[in-house]
Each structure stands twice: as structure tokens, then as C-alpha cells.
Amino acid sequence: MNSELFEKICRKLKLGELKYQPESLKGGLTHKMYSLFTKEGKYAVKLLNPYIMKRDTAMGNYRTAEELELKLEQHGIPIVPALVFNGKKMQEIDGQYFYLFDWYEGKRLKNEEITVAHCRTIGKYLAAIHSIERQEAECERDEIHIDWDFYIDKMKSQNKELHALLLHNRQLFYESQEKGNLAIKKIPAVQSICHNDMDSKNVLWKGEDCRIIDLESLSFFSPFIELYEVALCWSGYEICNINYDFMRELIHSYAESGGELPTDWETIYYSNYGRLEWLEYNIKRVLGIDCAEDERELGVSEVRETTAHVIYYDKEREKILNCLNSI
């Protein structure tokens, strides 16, 4: 990244002279994060993906997220909010949109570092977020109609390994998509404020203290689906090794903190098809569709990993539902 952009950021926002060269921070799979240490203070800057910013819905979604972020602050949720300059959170320089944050001396937990105590803390804060504002409204998750055959055919000339992987799992993709589209219609008509990506990479810990980050996806959504997705991630789904004790404890903590549990876990199981959308997004990266050239390599690794998640999720279905129905 050209250091000139960071120097312009410092001048525009009057942050002081750069003390060190900004360094890329791990964790972001869509946008790019950098440390920004100046003589006046320590910050983190998030450079928003320019291809996402071209979407017609982007600005409206970010405005909604900023409004909801303020509500989380007002209700004492431990977050790292974007800083405000000249009455605005989102800033822009030379066509690059970005957010600036105060630096928080915490760390993301590796999967092997997560404990029952962490899961209980996350369950408590998730219930607190969902309780801030609740409304009766249909789940606004669209059905998905991904043309897997189109992508499989395109991948043939791009990456033979991924082509074989996608072709082998073609039927599973279509079946998961169909079952998800049927299930989403049966989700209870309840919405609350949801983080929408509250996995372990988006919570920073300093001992028992933590801060929730990456709030740009905040919106009104189904608390039942988010609870399930968060329980999956914090119990080991992302390494294809679910600890069912962790899953139970997170959901127990959520319920003990006032969160409402779903009555039909099977519908929730099938409606959780975000991994298919993430797979499509990364297939597009590999194919060079709506992405920067330097995202292609990341796309390859994410296609491999996400396909493994789809396979594992299908294999674990009975165990997952047995755990959930025992709560």
C-alpha cells in the first residue's frame, strides 16, 4: 500500500505525523486493515473494498450500520466504534473510503485458545445486542439461486484443482441451496439488531476484557439465525471440529441473559446458507470477477476452506441437531 495515502489521512484528520510505517493487520477477508501509529496517538484504519463500494446498496447499508453502532455504544456494549470527524464516521480520500478507530491493545483468539468462559461471555453480549431493539418483521434474507454449473464450467480453464473440487460437490451445493430457500420462508417474523459476523476474528481480548469490532455489517436481522451462526463459529465449526459443550454453553448463556431461543432448530440449521454465498464470492475472486487482481490468491484458499465447511456441515447435521434439541 502506498504510504502517501496514509500520510494524506493523517493530514486530513489532523492525527499528527506518522511515527512508524503502517502495517497490515491480519483478520480482514473483505476489507484491508492497517495500524496507524502517529506522534499524537495509536489508531487502526480500515480501507473499504472499492468493488463493494460500487454496489448500489453499499452506502445505504453503511449508513444503517453507523446508526446501529451508535445504539450499541449508548447501551454499553463493549465495541470499538469508528471515530467521527466533521460529523461523519466514513471518510474518503482520492476515491478510497475508510474508517478510523482508536487502537485497542487486544488480540484475536486462535481456535485452540477459546474456552467455555469465552463462549459464555459471547453468549451474554449477543443477548444484550439482540435485546436493544426488537421488531416484528419477516426475515429479509433473500433466497439464493447460484448457478453452480456456470462457475464450475468457468473454473475449468482457470484452476483445475478447484474445478475438480467444485464438480465433485456440485450436487451438495444445489441440495443445500434448495433446502435453505425452503427453510428461510419458515423463519419466525422477528428481527433485532444483529452484528452479522461475530466470529472469533471480530472480538479482541485483553485478559477477560473484550471489544467487539468489524461493525460495518450491523443491521436488523433474525436473532435466531445469528445466535446459531455465532454458536457454530465459537464452538469450532470453522476448523471443522465442533466442541458441542462450547455450543451448549454459549446458547445457555444467551438464554440466561434474556435471549429467546428458537423452537425449530432444524429450520434454523437449513436456513444457515451464508457459507454458499461466501463460496460464490470467493469463486468470483478466483475468476477475477468484481475484484482486484491481488485478491485471487486469497480467493483460492477461501474456496478450498469454504468447500470443506460445506461438506463438514452436511456430515455433522445429526450431531448438531441432537445437541441443539437437548438444550
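A crossing of two helices is right-handed if the near helix is turned clockwise from the far one by less than a right angle, and left-handed if it is turned anticlockwise. In this predicted model, the crossing of helices H4 and H9 is right-handed. The protein chain has 13 helices and ten strands. Its radius of gyration is 20 Å, close to the 20 Å that the globule rule gives for 327 residues, so the chain is as compact as a globular protein of that length.

**The chain as a whole**

- Taken along the principal axes, the box filled by the C-alpha atoms of the protein chain is roughly 55 × 55 × 35 Å.
- Of the 327 residues in the protein chain, 50% are buried.
- The protein chain has an accessible surface of about 16,200 Å², and carbon and sulfur atoms account for 47% of that surface.
- When contacts in the protein chain between residues at least 6 apart in sequence are considered, 71% of them join residues at least 24 apart.

**Helices H4 and H9**

- Helix H4 covers residues 116–132 and helix H9 covers residues 244–256.
- The axes of H4 and H9 come within 7 Å and cross at roughly 35 degrees.
- On the H4 side, the residues that meet H9 are Val116, Cys119, Arg120, Ile122, Gly123, Lys124, Leu126, Ala127 and His130.
- On the H9 side, the residues that meet H4 are Phe246, Glu249, Leu250, His252, Ser253, Tyr254 and Glu256.
- By type, the residues of this contact of H4 with H9 are eight nonpolar, four polar and four charged.

**Buried residues in helices**

- Gly299 is found in helix H12, which spans residues 296–315. With a relative accessibility of 0%, Gly299 counts as buried, because the cut-off for buried is under 20%.
- Apart from neighbours within four places in sequence, Gly299 is in contact with Asn282, Arg285 and Val286. Between Gly299 and Ile283 there are 6.5 Å in space, C-alpha to C-alpha, and the two are 16 residues apart in sequence.
- Thr267 belongs to helix H10, residues 265–271. The relative accessible area of Thr267 is 4%, and the residue is buried.
- Neighbours within four places in sequence left aside, the contacts of Thr267 are Ala183, Lys186 and Ile187.
- Leu321 is part of helix H13, residues 317–325. Leu321 is buried as well, at a relative accessible area of 8%.
- Outside its neighbours within four places in sequence, Leu321 is in contact with Trp265, Glu266 and Tyr269. From Leu321 to Gln74 the C-alpha to C-alpha distance is 36 Å, with their positions 247 residues apart in sequence.

**An exposed residue in helix H7**

- Gln171 lies in helix H7, which runs over residues 170–184. Its relative accessible area is 54%, so Gln171 is exposed, the cut-off being over 50%.
- Gln171 and Lys201 are 30 residues apart in sequence, and their C-alpha atoms are 31 Å apart in space.

**Leu25 in strand E1**

- Leu25 lies in strand E1. At 25% relative accessibility, Leu25 counts as partly exposed.
- Not counting neighbours within four places in sequence, Leu25 is in contact with Met33, Tyr34, Ser35, Ala44 and Trp103.
- Leu25 and Asn241 are separated by 216 residues in sequence and by 26 Å in space, C-alpha to C-alpha.

**Loop residues with positive phi**

- Lys14 has a phi near 55 degrees, which is a positive value in a residue other than glycine. Lys14 sits in the loop between helix H1 (3–13) and strand E1 (24–25).
- The relative accessibility of Lys14 is 73%, and Lys14 counts as exposed.
- Cys240 is not a glycine, yet its phi is positive, at about 55 degrees. The loop that holds Cys240 is between helix H8 (223–234) and H9.
- Cys240 counts as partly exposed, with a relative accessibility of 27%.

Terms used. Residues numbered from 1 in each chain as written. Predicted model: local features only at pLDDT ≥ 70, side-chain atom pairs only at ≥ 80, totals over all residues. Heavy atoms only, no water. Axes fitted to C-alpha atoms, helices over the stretch in contact; angles between N-to-C directions. Helix = DSSP H or I, 4+ residues; strand = E, 2+ residues; numbered from the N terminus. Contact = heavy atoms within 4.5 Å. Nonpolar A, V, L, I, M, F, W, Y, C, P; charged D, E, K, R; others polar. Rg over C-alpha atoms; globule rule 2.2 N^0.38 Å. Buried < 20%, exposed > 50% of the residue type's maximum accessible area, 1.4 Å probe, protein only. Areas by Shrake-Rupley, 256 points an atom, 1.4 Å probe, with all protein chains shown as cover.
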